[in-house]
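Here are some short exercises to work through with the structure open beside you. Try each task before reading its solution.

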Amino acid sequence: MTQPIVVGFDGSASSLQAVTWAGQEAEVRDAPLRVVHAAPGWSPAELLVPEPAAWETEAKAALRRQLEQAAVRARAGRPRLQVATEVGTGSPADVLLHAAEGAQLLVVGSRGRGGFAELVLGSVSHRVAGVAPCPVAVIREPQHGDFRTIVVGVSGRRGQDAVLEFAFHEAELRRSVLHAVHAWTHPGTVTPFVVEPVVYDVEAVGQDEALLLAQALAGWSDRFPDVELVQHVAHGHPAKALADASTRADLVVVGSRHGGPRTLALGGTAHAVLHHARTPVVVVRSG
């Protein structure tokens, strides 16, 4: 059975955008879609105030209507799409992380309301994107234009296979150009405890970084011969290079650090891209 795509929904405009994007992605990947909501419990302002008798019934009825609307939104123009709705109990991040187990992609909006109120970009970055068991797509407001371009950040370090696999596969599914971006701010060192040079030839280092990018991408075009690949090396901060490239792309794919404390799992570049990219961002855990 094809792994599902999971999308978080709370009734906000941002989560509706996420549902729409997730429906499109599910259709492209021929995958079922699960719309997940985290239901809040009764929390009176004063502990001695009892729960209203009709609160639970009314809340469930309102939630059912919202979820039905979300399912209709996801199926719009896609009548064959399989959509299931479900309600989880617990904190929104925990509900999403639990639902992501066994999923091929988790989709969330960039801003939330109600059950997902704390899932603004910072919380998504640290509590979901960096530790989810599958790639996480954070959906921002859609920009105008169909660029047929996907951007992927390539560090040149080991352990990026999962990031490149996702980016190439996505470009193949969408029949899009894959724009591989590698940015550098200072010549790196390959030997521990070697001090980086204070003065260096920018052009020469740029050629070395271009070679590093080519080596990181070696063999991938053979695996995905139908994907047009464009390589770009930028002298500057990786997050800025990716954010700039996002203005001419439909999607940005970045890697996150694997393991470590939850607050440190995402990495500075991915965190910054989530805040500043002008298009949806997919975070893929890397080694």
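**Exercise 1. Work out how the lining of the second largest pocket divides into nonpolar, polar and charged residues.**

Solution. Bear in mind that this is a predicted model.
- Start with the classes: the lining holds seven nonpolar, seven polar and six charged residues.
- Next, take the volume of this second largest pocket, which is about 510 Å³.
- Then look towards its centre: of the 20 lining residues, the closest to that point are Trp21, Gln24, Asp146, Arg174 and Asp250.
- Finally, ask which elements take part. H1 and H5 are the elements that give two or more residues to the lining, and H1 supplies the largest share, six residues.

**Exercise 2. Find how the axes of helix H1 and helix H5 are placed relative to each other.**

Solution. Two numbers are needed here, since packed helices are described by the angle between their axes and the distance between the axes.
- Locate the helices: H1 covers residues 13–29 and H5 covers residues 161–174.
- Take the distance: their axes come within 10 Å.
- Take the angle: the axes cross at roughly 85 degrees. Angles of 65 to 115 degrees count as roughly perpendicular, and H1 and H5 are therefore roughly perpendicular to each other.
- List the residues in contact: H1 uses Trp21, Glu25, Val28 and Arg29, while H5 uses Phe166, His169, Glu170, Leu173 and Arg174.
- Sort them by class: the contact has four nonpolar, one polar and four charged residues.

**Exercise 3. Show that Glu170 and Arg29 form a salt bridge, and say where each residue lies.**

Solution. The idea is a simple one: side chains of opposite charge can pair when their charged atoms come close.
- Check the distance: the closest N and O atoms of Glu170 and Arg29 are 2.7 Å apart. The cut-off is 4 Å, so the pair qualifies as a salt bridge.
- Place the partners: Glu170 sits in helix H5 and Arg29 in helix H1. They are 141 residues apart, and the pair links distant parts of the chain.
- Put the pair in context: the count for the model comes to eight salt bridges.

**Exercise 4. Which residues does Arg34 touch, leaving out those up to four places away in sequence?**

Solution.
- Find the element: Arg34 belongs to strand S2, residues 33–39.
- Collect the contacts: Arg34 touches Pro4, Ile5, Val6, Val7, Ala84, Glu86 and Ala99.
- Follow one of these partners: Arg34 and Ala99 are 65 residues apart along the chain, and their C-alpha atoms are separated by 8.8 Å.

Note on methods. Residues numbered from 1 in each chain as written. Predicted model: local features only at pLDDT ≥ 70, side-chain atom pairs only at ≥ 80, totals over all residues. Heavy atoms only, no water. Axes fitted to C-alpha atoms, helices over the stretch in contact; angles between N-to-C directions. Helix = DSSP H or I, 4+ residues; strand = E, 2+ residues; numbered from the N terminus. Parallel < 35°, antiparallel > 145°, perpendicular 65-115°, else oblique. Contact = heavy atoms within 4.5 Å. Nonpolar A, V, L, I, M, F, W, Y, C, P; charged D, E, K, R; others polar. 1 Å grid on protein atoms, 1.4 Å probe; cavity = no way out; pocket = protein on both sides within 12 Å on 5 of 7 lines; lining within 4 Å. Points joined across faces, edges and corners; volume = space filled by probe spheres on them. Salt bridge = Lys/Arg side-chain N within 4 Å of Asp/Glu carboxyl O.
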